[in-house]
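Here's a walk through a protein fold, taken one sheet and one charge pair at a time. Have the viewer open as you read.

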Amino acid sequence: MSSKMKFVEEELKRLKDEGLYVHIRVLESPQGPWVQIEGRQVLNLCSNNYLGLCNDPRLCEKAKEYIDKFGVGPGAVRTIAGTMSIHVELEEKLAAFKGAEAALVVQSGFCANLSAIPPLVERGDLIFSDELNHASIIDGCRLSRAEIVRYAHCDVVDLEAKLKEYVDKDCRKLIVTDGVFSMDGDIAPLPDIVELADRYGAMVMVDDAHGEGVLGRGGRGIVDHFGLGEKVDIEVGTLSKAFGVVGGFVAGSKELIEFLRQKARPNLFSSALTVPDVAANIAAVDILEESDDLVKKLWENGNYLKKSLKEKGFDIGRSQTPITPIMVGDANKAKEFSLKLFEEGIFIQSIAYPAVPLGSARLRTMVSAAHSKEDLDFAVDKFSKVGRSLGII
């Protein structure tokens, strides 16, 4: 490496010294409750495969069917020659599922936030953003060049104070929040946020990446969960978690979606979602429309694991969803916890800065509807064994 690139080596060394270097495990099997890594079967407790759909045969069959009909790739961006009938089919199904007038599908949940925020606000406008919002929201806000006003996490009193501070500024105002916060598993106080938005003339946007397939009737998300109907202006979702595939979407009024089709840069300048991805997502939406059994099983598993971990003495933070953090604090200890659990047959990665604030490193358990009670009992036993050896409990 040349001398001008020396900083790369130095930064890698710093990350390793501070316990912030991420060792990336490679899966050698389909995504599921148990996976093969380094030639051995381990219990998977860190994927976002909430409903166990990643390897569901119904999704696989749909992908094969559509590949035979439509090929593999769209060959262009949506606005030139990349919009296929199957993209429209998926968008219509998602809009109906979400109870929205229309939806726009893009390449990822990350891209969905980059699609939604910059067209809605610009330099001279204001964004009120929860301090723990996801990186994709943060990047979307930065790209908009609007002024970003951070409010304390899920704190509507602080949010109102910030809104009052700028009440006389004549501009577009956007309040944006995650629906379910991915690192803590807590839920945004959306009804209160909507009320404040109405009072102070702000738009409301919620990124429901970890609420799709989890909250609401049959997994319809946080807006349905709180019965807010059309009171939320912009809903962003991902198709890479509960839906088990990849992709993202924005849902809202017909006018909003038409506006974003014309303005959203990921829609204008990046190729459309591939055929097998679209097909598998269509199958996933159909499954959720037909039954809420998987959603119920997910919550049953999540509640069982929470109760079991608390009984063993673990600090599981403020989670209100199946996302269950095990708080450790020190990044190096969290990393050691993860490594020792892997030796015991548990695959769970440690989470540290910048994914979470400094000093709040953790292991984040992510159960799925595919886990059995025996799987979870096995996990709790191993967590307890290693937790005691490290002085965590």
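## The three-stranded sheet

Strand 10 and strand 13 (residues 361–366) run antiparallel to each other, with six bridges between them. For strands to count as paired, DSSP has to find at least two bridges between them. Helices (H or I, at least four residues) and strands (E, at least two) are DSSP runs, numbered from the N terminus. Within this pair, I326 sits opposite L363 in strand 13.

Zoom out a little and you get an open sheet of three strands, ordered 10-13-12, with antiparallel pairing. Strand 10 (323–329) and strand 12 (350–351) are the edges, each pairing on one side only. Helix 14 (residues 331–343) packs on this sheet and touches strand 10, strand 12 and strand 13; contact here means heavy atoms within 4.5 Å. The direction of helix 14 makes about 35 degrees with that of strand 13. Axes are lines fitted to C-alpha atoms, for helices over the stretch in contact, and angles run from 0 to 180 degrees between N-to-C directions.

## A word on the model

What you're looking at is a predicted model: local features need pLDDT of at least 70, side-chain atom pairs count only at pLDDT 80 or more, and totals for chains, interfaces and linings use all residues. Residues are numbered from 1 along each chain as its sequence is written, and side-chain values use heavy atoms, with hydrogens and water left out.

## The seven-stranded sheet

There's also an open sheet of seven strands, in the order 3-9-8-7-6-4-5, and its pairing is mixed. Its edge strands are strand 3 (102–106) and strand 5 (147–151), each pairing on one side only. On average, neighbouring strands of this sheet are turned by 20 degrees against each other, direction ignored.

Strand 4 (residues 126–130) and strand 5 run parallel, joined by five bridges, and D130 stands opposite Y151 in strand 5. Helix 6 (residues 135–144) packs on the sheet, touching strand 4, strand 5, strand 6 (173–178) and strand 7. Its direction makes about 160 degrees with that of strand 6.

## Salt bridges

How many salt bridges does the structure hold? The count is 30, where a salt bridge is a side-chain nitrogen of Lys or Arg within 4 Å of a carboxyl oxygen of Asp or Glu. One of them joins R220 and E289 at 2.8 Å, N to O. R220 lies in the loop between strand 7 (203–207) and helix 9 (222–225), while E289 is in helix 12 (residues 275–290), so the pair ties together parts that are 69 residues apart in sequence. R220 is buried at 16% relative accessibility, whereas E289 is partly exposed at 37%. Buried means under 20% relative accessible area, exposed over 50%, and partly exposed in between (1.4 Å probe, protein chains only).

Other pairs sit within a helix. K162 and D158 meet at 2.9 Å, N to O; they are four residues apart in helix 7 (residues 156–165), which means about one helical turn separates them. K162 is buried, at 19%. K64 and E61 bridge at 3.6 Å, N to O, and they are three residues apart in helix 2 (residues 57–70), again about one helical turn. E61 is partly exposed, at 47%. Finally, K98, D208, E212 and E235 are linked in a network of salt bridges.
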